[in-house]
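Hi,

Here is the structure I promised to pass on to you. Have a look at it first, and then read on for what turned up in it.

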Amino acid sequence: MRTQRQVVDYSLQKRAVLRELLAGRIGTYDVCDASPYLKNAARFHGEPTDRRCPICRSENLIHVHYIYGDELKQSAGQARTRAELPVLAMTLREFQVFVVEVCPGCDWNHLVEQFLLGRDGLAGEAEDADESVAANGSTPRRRREAQR
């Protein structure tokens, strides 16, 4: 997605949890605790992946995308399909997306990443491009504004 920015990847945290599990410091019930709401969201709004569950190794993981933002109002906290995100990104200024992986077999779940989407990312890119062109002196900013 073009407007995706401020990405936070939680793979190191996931590895730490799996290391703790393999060392026996935490139990399977501590990490395989997906709520019924999360399992339903995975069933109806999730995106299947080709990666196996790190716990049971029998099911493929499903990614669920949750959206949060001021402009969403009552829709905040809802799960959306990945196909819906670009449409929302073009209609809303800014919103946060949290991606959670879920195993439908053993109820493993973990936050995979979070990022911002929205039109504000497009405006920032256009301003940065204008400033870099103006700094190079190749195309004056006034001429570009007159064409608008």
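Before the findings, one term: two residues are in contact when they have heavy atoms within 4.5 Å of each other. Please also keep in mind that this is a predicted model.

Let's begin with the whole chain. The protein chain has 6 helices and 6 strands, and along the sequence they follow the pattern β-α-α-α-β-β-β-α-β-β-α-α. If you take the contacts with a separation of 6 or more, 58% of them are between residues 24 or more positions apart. Of the 148 residues, 35% are buried. The chain's accessible surface is about 9,500 Å², and carbon and sulfur atoms account for 49% of that.

Next, try finding helix H3, which spans residues 36-45. Which of its residues are buried? They are Leu38, Ala41 and Ala42. These residues sit on the same side of H3, because the arc they cover around the axis is only 100°. A general point helps here: an α-helix has 3.6 residues a turn, so residues three or four places apart point the same way. The cover over the buried residues of H3 includes S3, S4, strand S5 (95-102) and strand S6 (109-117). On the face turned away from the buried side you will find the exposed residues Pro36, Tyr37, Arg43 and Phe44.

Now for the aromatic rings. The structure holds 1 aromatic pair. The ring centres of tyrosine 68 and phenylalanine 98 are 5.6 Å apart and their planes meet at 85°, so this pair is edge-to-face; the cut-off for that label is an angle over 60 degrees. Because tyrosine 68 belongs to strand S3 and phenylalanine 98 to strand S5, the pair ties together parts that are 30 residues apart in sequence. Are these two rings' residues buried or exposed? Tyrosine 68 is partly exposed, at 38% relative accessibility, and phenylalanine 98 is partly exposed too, at 23%.

Last, a single residue to click on: glutamine 78. You will find glutamine 78 in the loop between strand S3 (60-68) and strand S4 (79-80). Its relative accessible area is 34%, so glutamine 78 counts as partly exposed. The side chains of glutamine 78 and arginine 80 are joined by a polar contact of 3.1 Å. Beyond its neighbours within four places in sequence, glutamine 78 is in contact with His65, Tyr66 and Ile67. The C-alpha atoms of glutamine 78 and histidine 45 are 9.7 Å from each other, with their positions 33 residues apart along the chain.

Enjoy exploring!

Terms used: Residues numbered from 1 in each chain as written. Predicted model: local features only at pLDDT ≥ 70, side-chain atom pairs only at ≥ 80, totals over all residues. Heavy atoms only, no water. Helix = DSSP H or I, 4+ residues; strand = E, 2+ residues; numbered from the N terminus. Buried < 20%, exposed > 50% of the residue type's maximum accessible area, 1.4 Å probe, protein only. Polar contact = N/O pair within 3.5 Å; in protein donor to acceptor, adjacent residues only side chain to side chain. Arc of directions from axis to C-beta. Areas by Shrake-Rupley, 256 points an atom, 1.4 Å probe, with all protein chains shown as cover. Phe/Tyr/Trp six-rings, centres within 6.5 Å; stacked < 30°, edge-to-face > 60°.
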